[in-house]
Amino acid sequence: MIRKATRRDIPAITRIYERIHAREEAGLGTTGWKRGVYPTEETARRALAVDELFVDEREGAVVAAARINRVQEPEYALCHWQYAAPEDKVMVLHTLTVDPEAAGQGVGSGFVAFYEQYARENGCSCLRMDTNQINAPARALYKRLGYREAGIVPCDFNGLGILQLVCLEKRLGEAEG
């Protein structure tokens, strides 16, 4: 069940971040994220404070989290988007995290499907998101789900330093069904 997060979800979300950081440190992940830098408990708290944090809860456990809003990263302006849309018609998915213990169970795909439905329900026809260029699993997932890589732009991202941000887009009504 994907729902709006509550204060009680913050420890579970933070544990997911920590598991992802541990995999990265062990050379088993390619997010480019760093423990203590991004994402952190504060990342989740900021999203919760503005009511933009969502979680996927299965059998009483939070297995994924993400922030969903209409806020595009400033670097998105450097990208050559195929689908032009007014800002109020663009929905953005940020910091999608899936618990590594739930990997391979369709959690990420399910969360993206929720994001698309949420965009529809909120009058948005254009979907955007980004990922680090080195995050091959995320890029493959988004491609499989019908997202187009609109470009790669340099970004000084959340204290991680300069990284290459892959900007992805999809217009609702295309590549669906």
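Select C124 and C126 to begin with: in this predicted model, the sulfur of C124 has its closest cysteine sulfur in C126, at 8.8 Å, which is too far for a bond. If you colour by accessibility at this point, C124 will appear as a buried residue, with a relative accessible area of 4%.

Move next to C167 and show C79 beside it, since the sulfur of C79 is the closest cysteine sulfur to that of C167. The separation here is 4.0 Å, and because a disulfide needs the two sulfur atoms within 2.5 Å, this pair too is too far apart for a bond. C167 is buried as well, with a relative accessible area of 0%. A search of the whole structure finds zero disulfides, so there is no such bond to draw between any pair of cysteines.

Now select residues 10-25, which form helix α1, together with residues 41-49, which form helix α2. Their axes come within 9 Å and cross at roughly 135°, and that angle makes α1 oblique to α2. Seen as a crossing, the passage of α1 over α2 is right-handed. To display the contact itself, show the side chains of I10, I13, T14 and Y17 on α1, and those of E41, T43, A44, R45 and L48 on α2. Sorted by class, the residues of this contact are five nonpolar, two polar and two charged.

From there, go to the loop between β3 (61-69) and β4 (90-98), where E75 is found. Is E75 buried or exposed? With a relative accessible area of 18%, E75 is buried, because the cut-off for that class is under 20%. Once its neighbours within four places in sequence are left aside, E75 is in contact with V153, P154, C155 and D156, so those four residues are worth adding to the selection around E75. If you then draw a C-alpha to C-alpha distance from E75 to K170, it should read 18 Å, for two residues that stand 95 apart in sequence.

Keep K170 on screen and finish at E116, in helix α3 (residues 107-121). Which residues does E116 touch, not counting those up to four places away in sequence? K170 is one of them, and the others to show are L127, L145, Y147 and L172. E116 counts as buried, at 9% relative accessibility.

Terms used: Residues numbered from 1 in each chain as written. Predicted model: local features only at pLDDT ≥ 70, side-chain atom pairs only at ≥ 80, totals over all residues. Heavy atoms only, no water. Axes fitted to C-alpha atoms, helices over the stretch in contact; angles between N-to-C directions. Helix = DSSP H or I, 4+ residues; strand = E, 2+ residues; numbered from the N terminus. Parallel < 35°, antiparallel > 145°, perpendicular 65-115°, else oblique. Left-handed = near helix turned anticlockwise from the far one by under 90°. Contact = heavy atoms within 4.5 Å. Nonpolar A, V, L, I, M, F, W, Y, C, P; charged D, E, K, R; others polar. Buried < 20%, exposed > 50% of the residue type's maximum accessible area, 1.4 Å probe, protein only.
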